[in-house]
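Colleague: I am new to this structure, and I would like to go through it slowly, one question at a time. Please begin once the sequence and model are in view.

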Amino acid sequence: MLGIHEIWLFVLSGLLLNITPGPDSVYVIGRSMQMGWRGGAAAALGISFGCFFHVAGAAIGLSALLMASSTAFSVVKLVGAAYLVVTGLQMLWTRPALALAIDEPVRSSLRRVFLQGVFTNALNPKVALFFLAFLPQFVAADSTHKPLAFLTLGLIFICTGTLWCLVLAAFAAKAAHRLRNSEGAIAWVNRALGGLFIYLGIRVAMLETR
């Protein structure tokens, strides 16, 4: 269907990639420790929404343009790197407050966590290049429905990744229930997440076109 072949292998590969510890998993775990399952879920959904931009880009050829144009790659790379570093510094400087338990600040924080997940993923050109390299392996070269096939595979990958991150958020939130009542523990989580964002920003800035 749509020229997609060995879909079982695609799903298996996607699951293995999703469960491999990485920045997304660390971000979801960190937010779950800070804000409970809702915080982890907001992070997971934000990351997944950001992934959708790359899937759509691969489907319509924008990722290929990004890889072919060094100027376009550099612009996206620098914008993404700057966003990550600034976000990381804000986390390092922000003093956590237990007032996050109040409903309105939590809702505001959840929106912020979601948007951070979106931008962190959407502004990372490495993710775009990953989808461009990974998805074509499972679509026949002579398929007349390549854009739809790429979109279908991408959505499958996003769905499995989202489910895994939600499960991860639930376990992390349950394990960290006591830690979330401590400002000291939350401060260390903030520092860890801030350091992660800065590290990712540096890595994105150092990416080179091939």
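Colleague: Where is the place of N121?
Modeller: This is a predicted model, in which local features need pLDDT (the predictor's confidence in each residue, from 0 to 100) of at least 70 and side-chain atom pairs count only at pLDDT 80 or more, while totals for chains, interfaces and linings use all residues. Residues are numbered from 1 along each chain as its sequence is written, and side-chain values use heavy atoms, with hydrogens and water left out. Helices (H or I, at least four residues) and strands (E, at least two) are DSSP runs numbered from the N terminus, and on this numbering N121 has its place in helix 6.

Colleague: Is N121 buried or exposed?
Modeller: A residue is buried under 20% relative accessible area, exposed over 50% and partly exposed in between, with a 1.4 Å probe and protein chains only. Among the residues that N121 touches, not counting those up to four places away in sequence, are D24, I47, G50 and H54, where contact means heavy atoms within 4.5 Å. The relative accessibility of N121 is 5%, so this residue counts as buried.

Colleague: How many helices does the chain have?
Modeller: Reading from the N terminus, every symbol in the run of elements is an α, as in α-α-α-α-α-α-α-α-α. The secondary structure accordingly has 0 strands, and its helices come to 9.

Colleague: What mean pLDDT does helix 3 have?
Modeller: The chain as a whole averages a pLDDT of 75, and 73% of its residues score at least 70. Over residues 97-105 pLDDT stays under 50, and where pLDDT is low, the predicted coordinates should not be read in detail. Among the elements, helix 4 (residues 62-68) has the lowest mean, 64, whereas helix 3 has the highest, 88.

Colleague: How many aromatic pairs does the structure hold?
Modeller: Rings of Phe, Tyr and Trp (its six-membered ring) pair if their centres lie within 6.5 Å, and planes under 30 degrees apart count as stacked, over 60 as edge-to-face and the rest as tilted. On these terms, the number of aromatic pairs in the structure is 2.

Colleague: Why is the pair of F49 and F53 edge-to-face?
Modeller: The two residues are 4 residues apart in helix 3 (residues 37-60), so about one helical turn separates F49 from F53. Their ring centres are 5.6 Å apart, and the pair is edge-to-face because the planes of F49 and F53 stand at 80°.

Colleague: How many residues apart in sequence are the parts that F49 and F114 tie together?
Modeller: F49 is partly exposed at 44% relative accessibility, and F114 is also partly exposed, with a relative accessible area of 28%. The ring centres of F49 and F114 lie 6.1 Å apart with their planes at 50°, so this pair is tilted. F49 sits in helix 3 and F114 in helix 6 (residues 103-122), so the distance in sequence between the parts they tie together is 65 residues.

Colleague: Which helix gives the most to the largest nonpolar core?
Modeller: A nonpolar core is a set of buried Ala, Val, Leu, Ile, Met, Phe, Trp, Tyr and Cys residues joined through side-chain atoms within 4.5 Å, and in the largest one, of 17 residues, F10, F131, F134, L135 and L153 touch the most other members. Helix 3, helix 7 (125-134) and helix 8 (146-175) each supply at least two residues of this core. With 5 residues, the one that gives the most is helix 8.

Colleague: Which residues does L135 contact beyond four places in sequence?
Modeller: L135 is one of the core residues that touch the most other members. Leaving aside neighbours within four places, the contacts of L135 are F10, A58, F150, L153 and G154.

Colleague: What phi does G36 take just after helix 2?
Modeller: Helix 2 (residues 23-35) has 13 residues, and its buried residues include Y27, V28 and M35. Just after helix 2, the phi of G36 is positive, at about 85°.

Colleague: How far apart in space are K174 and S32, C-alpha to C-alpha?
Modeller: K174 lies in helix 8 and is exposed, with a relative accessible area of 72%, while S32 is among the buried residues of helix 2. K174 and S32 are 142 residues apart in sequence, and their C-alpha to C-alpha distance is 8.6 Å.

Technical notes
Expected span 1.5 Å × (residues − 1).
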